[in-house]
Amino acid sequence: MSQGPRSGLAAVSAALLAMSRHLEVRDVLKTIVASARELLDAQYAALGVPDDHGGFAQFVVDGVSDEQWRAIGPLPRQHGILAAMLHEARVERLADLREDPRFEGWPAAHPEMSDFLGLPIRDGDEVIGALFLANKNHETPRGGCGFTEEDEELLATLAQHAAIALTNARLYERSRELTIAEERSRLAHELHDAVSQKLFSLRLTAQAAAALVDRDPARAKGELQQVAALAAEAADELRAAVVELRPAALDEDGLVATLRTQIQVLDRAHSARVTFTTRGIRALPAAQEEAMLRVAQEGLHNALRHAWADHVHVTLDRRGGGAVLRITDDGTGFDPKAVRRAGRHLGLVSMRDRASGVGGRLTVESEPGKGTAIEMEVPGG
């Protein structure tokens, strides 16, 4: 086995455990390439998941900066050595990939690579990805490849476990997609019922106002004010539903930017002051970021719609290797025990389920007349 910075059984075990901790496909891919590069002491590592059109559905790299990656340009196509690994499904260990007859060049911003080790990731007979490393971090023998047969064996072991982790992550995401579809259907029914009732009331009130305009202008004015209030409530229902049905793309924006944007929208849409601060936060596993976003949305909804708060403040801070989300308001508050006894949960059960579902915990502090504080902590990845 190669003597890299973390060689031996302990390092392999740590890499496999890291892969098994993640449920999101993107997180699994990142963990695989980072583990492979560290275990085999290589300068670069990458993993591509093919699509059905000659390209890659996903392509994750390690050892290349974000600036370099943006400068390189679009994802590679399945050609040259990458195509060989995917279609011929065999290991490739080369002293200098640039001298291989299948090499077809790379973009100007692409880093220079020489010695190369790549192999397919299989799920049974199906090739579900290609994992490869380049530029072993030690002096390469003259005319030889820096990667050894032992490296090849280690990478093959890692690829076998990567296939299991990747397959499990795909199954999890498909299961979650079904759950999301069910949730969207439920929300659509709730939206239809809630907004339809509001619009029906608005129509009747507007008709009443029209009938009173000539004989009782004062009462007509009151009815028109009620029309405005009902219209505002309907708009709130629609706004809340849009947030639920079309959550921000956490993969592109991240939790901090997503929360900041939504809170700015709420601050403009409501009379209450809604503010946000964050310190030292770093990227979390995708499932944890989604859970924190949903808990924040539920907590903000409660504070703005039920607590009559004048000020709602959200903080997102780093705590150890994870993060803590805190939502505080100066609203009416409530007795959590009385709420449970009455069978009214204000979304607390859902929030606790979301927190525990990603290995986190949720605490709620509230008293009548003293506002509410909701805190969610997650351990990170």
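## A walk around the five-stranded sheet

Start by selecting Arg 319 and Gly 322: in strand 8, Gly 322 is the bridge partner of Arg 319. Keep in mind as you look around that this is a predicted model.

Now widen the selection to residues 311-319 and 322-329. These are strand 7 and strand 8, which pair in the antiparallel sense over 8 bridges.

Next, bring in the rest of the sheet. It is an open one of 5 strands, ordered 6-7-8-10-9, and its pairing is mixed. Colour 273-279 and 361-366 to see the edges: strand 6 and strand 9 each have a single partner strand, so one side of each is left without a neighbour in the sheet. Look along the strands, too: direction ignored, neighbours in this sheet are turned by 10 degrees against each other on average.

Then add the helices. Select 286-305 for helix 8, which lies across strand 6, strand 7, strand 8, strand 9 and strand 10 (372-378). Helix 8 runs at about 5 degrees to strand 8. Follow with 348-357, helix 10, which packs on the sheet and touches strand 9 and strand 10. The direction of helix 10 makes about 150 degrees with that of strand 9.

Finally, zoom out to the whole protein, with its 10 helices and 10 strands. Of its 381 residues, 43% are buried. Switch on the surface and you have about 20,300 Å² of accessible area, 51% of it belonging to carbon and sulfur atoms. If you draw contacts between residues at least 6 apart in sequence, 62% of them join residues at least 24 apart.

Technical notes: Residues numbered from 1 in each chain as written. Predicted model: local features only at pLDDT ≥ 70, side-chain atom pairs only at ≥ 80, totals over all residues. Heavy atoms only, no water. Pairing = 2+ DSSP bridges. Helix = DSSP H or I, 4+ residues; strand = E, 2+ residues; numbered from the N terminus. Axes fitted to C-alpha atoms, helices over the stretch in contact; angles between N-to-C directions. Contact = heavy atoms within 4.5 Å. Buried < 20%, exposed > 50% of the residue type's maximum accessible area, 1.4 Å probe, protein only. Areas by Shrake-Rupley, 256 points an atom, 1.4 Å probe, with all protein chains shown as cover.
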